[in-house]
Amino acid sequence: MSAAGRRCPLAGIAVAGVAATRQARRLEVGSVEICLEAARAALDDAGMSLDEVDGISAPWPGPGGAVFHPGSADWTAVFGKGFDWVGDTYPQGAPGLLDAAGAILAGQARTVLVFGGRASGAASAGSPSGGGAKSVVAYTRPDNEFVSCWGSLTAAQFALVAQVYFHRFAPDPERVALVAATIRNAGSANPAAVMHGRGPYRPADVLASPPVAEPFRLLDLCLATEGAAAMVVTSLERARDCPSAPAVILGGGSEWYRQQYVDPPRYDDAARIGAAAFRRSFAMAGLVPGDVDVFELYDICTFEVVRQFETLGFCAEGEGADYLAEAGIGADGRHPTNTDGGLMAYSHVGWGGPTLKIVEAVRQIRGTAGPGQVPGTEVALVTGAGSGAQYHNAALLGADR
């Protein structure tokens, strides 16, 4: 579906450069080094130098600056220059993209570099990855009243929602598992994916994997890996002078119900989260969900992929697994989804994980996505977070026509 003629207020802003570093279970560098690698590579992809960047969006300690949370750094000192605008509210994925676009439209910056990631270097116990091989990654178990002290973690938060769904609608387990198997097979075919060469996966493999948090098994859940991702956001006019084809922002929106992982989610509160953000995004773009060529969805768990297709309106609540089994989410299906292997098989790097979705969407639009390339891609949907996190975000990117 061509993006030509859209009247979105964001259509004058584009992604001019993207990059992802090597993704791995463990890297031998630190978080600052891997983030710098991604930032430099994105600038190279855009044919720009750091001198042209007057805005950044990255984990930032804030004006108080006394406590550096994992992944944050004094990036002005690291880069050796000041910036006119710094975004740190949610500096990744769709919100990071939309914040950067807003800053450019408001005249606060001309070119914004959005980046993030993590790497543990020597893998010490105090590292962002948490240490030993059996450790839970620190960001999955924040030190909140009803989380860390009770042993909860991200998978359990999403499981609270999924349990109710499975009880009410009793989806076919094999058809649910087919979602995970298809995404993991995309990662198995992707040489850059952490799970490259580990397939092929069948639904039976997903159902036979170890249980983690009912109803999720190990292969229903995303990875916790290391690496970084970055994107360069600027005016479409400037992006057209860059060596790579720009990806135009067609629309986007966010929906915030509660802060993630503080209060446990309830199905009746969170099951349809994202519906309003989707409506705004598509209305802004002048498109409908059926116009999307590729779906780069936040696949923190299998259930979230099913839920998002229901929330997009492709089928009724409770019918997602059946619908996707019939429509197909592989590269040759009706709805190609997570074409790089997604968070389940490509990589999930904490701060920076949602930006990986934009990197793949831009590559799909350019026609440079490798084994998972969907021919003729002109419109891509990117999403982040979901029901267990109790917020959702989306962005639509399109080819420059």
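Helix α13 is mostly covered, with 13 of its 14 residues buried. The helix takes in residues 353-366, and its end C-alpha atoms lie 21 Å apart, which agrees with the 20 Å that 1.5 Å a residue should give. Keep in mind as you browse that this is a predicted model. The notes below start from this helix, move out to the whole chain, and then visit some backbone spots worth a look in your viewer.

**Helix α13 and what follows**

- Just past the end of α13 comes Gly-367, whose phi is positive, at about 85°.
- An α-helix has 3.6 residues a turn, so residues three or four places apart point the same way.
- With that in mind, it is handy to recall that 13 of the 14 residues in α13 are buried.

**The chain as a whole**

- The secondary structure adds up to 13 helices and 11 strands.
- The radius of gyration is 20 Å, close to the 21 Å from the globule rule for 401 residues, so the chain is as compact as a globular protein of that length.
- Measuring tape in hand, you would find that the C-alpha trace spans about 55 × 50 × 40 Å along its principal axes.
- Of the 401 residues in the chain, 58% are buried.
- Among contacts with a separation of 6 or more, 76% join residues 24 or more positions apart.

**Surface and charge**

- About 15,400 Å² of the chain is exposed, and carbon and sulfur atoms supply 52% of that area.
- The chain carries 30 positive and 41 negative charges, and the mean positions of these two sets are 2 Å apart.

**Cis peptide bonds**

- Most residues other than glycine have a negative phi, and most peptide bonds are trans.
- The bond from Gly-199 to Pro-200 is cis, with omega near 5°.
- Pro-200 sits in the loop that links α5 (173-188) to α6 (203-208).
- A cis bond also runs from Glu-214 to Pro-215, with omega near 10°.
- Pro-215 has its place in the loop between β5 (211-213) and β6 (216-217).

**Positive phi outside glycine**

- Ala-170 is a residue other than glycine with a positive phi, near 45°.
- Its position is the loop between α4 (154-169) and α5.
- Ala-170 counts as exposed because its relative accessibility is 59%, and the cut-off for exposed is over 50%.
- Asn-338 also has a positive phi without being a glycine, with a value near 50°.
- You will find Asn-338 in the loop between α11 and α12.
- Asn-338 is buried, since its relative accessible area is 0% and buried means under 20%.

**Gly-330 and its surroundings**

- Gly-330 belongs to the loop between α11 (320-327) and α12 (342-346).
- With a relative accessible area of 18%, Gly-330 falls under the 20% cut-off and is therefore buried.
- Setting aside neighbours within four places in sequence, Gly-330 is in contact with Thr-182 and Pro-336.
- Gly-330 and Gly-30 are 300 residues apart in sequence, and their C-alpha atoms are 35 Å apart in space.

Key:
Residues numbered from 1 in each chain as written. Predicted model: local features only at pLDDT ≥ 70, side-chain atom pairs only at ≥ 80, totals over all residues. Heavy atoms only, no water. Helix = DSSP H or I, 4+ residues; strand = E, 2+ residues; numbered from the N terminus. Buried < 20%, exposed > 50% of the residue type's maximum accessible area, 1.4 Å probe, protein only. Contact = heavy atoms within 4.5 Å. Expected span 1.5 Å × (residues − 1). Rg over C-alpha atoms; globule rule 2.2 N^0.38 Å. Areas by Shrake-Rupley, 256 points an atom, 1.4 Å probe, with all protein chains shown as cover. Lys, Arg positive; Asp, Glu negative; His and termini not counted. Charge placed at Lys NZ, Arg CZ, Asp CG, Glu CD.
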